[in-house]
Amino acid sequence: MYNMILNCYEAIARAYSLDLKLDNDTCVAMEKVMRPKIVHWELTEARKRMAIFPYPAEIIRTNPEELWVPVVVVNNNIHILPGIPRLFERLITLLRPRFDRLVDEKGGMGRYYRVQVATKLPEGEIAPYLSGLQKQVDKKNLKIGSYPKWGATEDGTRVVVSVVGRDQDDVKHIGDQLVDQIEGRILNPLEAIDHGDAKRELP
């Protein structure tokens, strides 16, 4: 853990020609959190090295009473988080309002929208139409994906077609078009989705 964190901070500092500086507030937070948990815990020089960050940087303390590890932000948009999965996930959740605000400040750039249309028609029957539609919307940076169900569901759905893109109006328009052309119905209304969901759906 020590080398991984240290090397990450060093690499970012080197990439942006920044200095490295010991953050005393992080040392204090580390000692406050760890000393009650571990008998004979001491703030050693090796542990202090985990509080050496690129400088200048923004230091975000999400929950200093429980988490001594801060989020270090370089260049206003590079967020450095620890690689421990449980801690990483917790920090991402705590930072979600910040990320949403950053997206809004940039006019929604980077945000994706999705609409899903369910149909009772088999995938083989609608595939030619979907392929042609994809070619038509390529220039609008929309992606269309079809997800067949193994056997019809209780409501008869055999395929769910997903439309993903950055322009809210374009996504909605194609969703409405699909409803008409593949005898579909809106399964999920237009929704904003995060980058992870978008990447999973974009071919």
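1. A word on terms before we start: a contact here means heavy atoms within 4.5 Å. With that in mind, among the contacts in the protein chain with a separation of 6 or more, 62% join residues 24 or more positions apart. Please keep in mind as you read on that this is a predicted model.

2. Here is the overall picture. The protein chain has 7 helices and 9 strands. Of its 203 residues, 35% are buried. The accessible surface of the chain comes to about 12600 Å², and carbon and sulfur atoms account for 51% of that.

3. Helix α5 is a good place to look next. It runs over residues 123-137 and has 15 residues. From first C-alpha to last, α5 reaches 20 Å, close to the 21 Å expected at 1.5 Å a residue. You will also find a bend of about 25° in α5, at tyrosine 129.

4. Which residues of α5 are buried? They are Ile126, Leu130, Leu133, Gln134 and Val137. The spacing is worth a thought: an α-helix has 3.6 residues a turn, so residues three or four places apart point the same way. As for their partners, the buried residues of α5 pack against three strands, β6 (112-119), β7 (143-148) and β8 (159-165), and against the helix α6 (168-181).

5. Let me pick out valine 137, which is found in α5. Valine 137 counts as buried because its relative accessibility is 4%, and the cut-off for buried is under 20%. Leaving aside residues up to four places away in sequence, valine 137 touches Leu142, Ile144 and Ile174. Valine 137 and aspartate 170 are 33 residues apart in sequence, yet their C-alpha atoms are 9.1 Å apart in space.

6. My other pick is aspartate 23. Where is aspartate 23 found? Look in the loop between β1 (19-22) and α2 (24-34). Is this loop residue buried or exposed? Aspartate 23 has a relative accessible area of 17% and is therefore buried, given that the cut-off is under 20%.

7. What does the side chain of aspartate 23 make a polar contact with? The partner is the side chain of arginine 61, at 2.7 Å. Not counting residues up to four places away in sequence, aspartate 23 touches Ala51, Phe53, Ile59 and Arg61. If you have the model open, aspartate 23 with Arg61 and valine 137 with Ile174 are two pairs to display.

Key
Residues are numbered from 1 along each chain as its sequence is written. This is a predicted model: local features need pLDDT of at least 70, side-chain atom pairs count only at pLDDT 80 or more; totals for chains, interfaces and linings use all residues. Side-chain values use heavy atoms; hydrogens and water are left out. Helices (H or I, at least four residues) and strands (E, at least two) are DSSP runs, numbered from the N terminus. Buried means under 20% relative accessible area, exposed over 50%, partly exposed in between (1.4 Å probe, protein chains only). A polar contact is a pair of N or O atoms within 3.5 Å; within protein, one must be able to donate a hydrogen and the other to accept it, and residues adjacent in sequence count only if both atoms are side-chain atoms. Accessible areas come from the Shrake-Rupley method with a 1.4 Å probe; for residues, only the protein chains shown count as cover. The expected span of a helix is 1.5 Å times one less than its number of residues. The bend at a residue is the angle between axes fitted to the seven residues ending there and the seven starting there.
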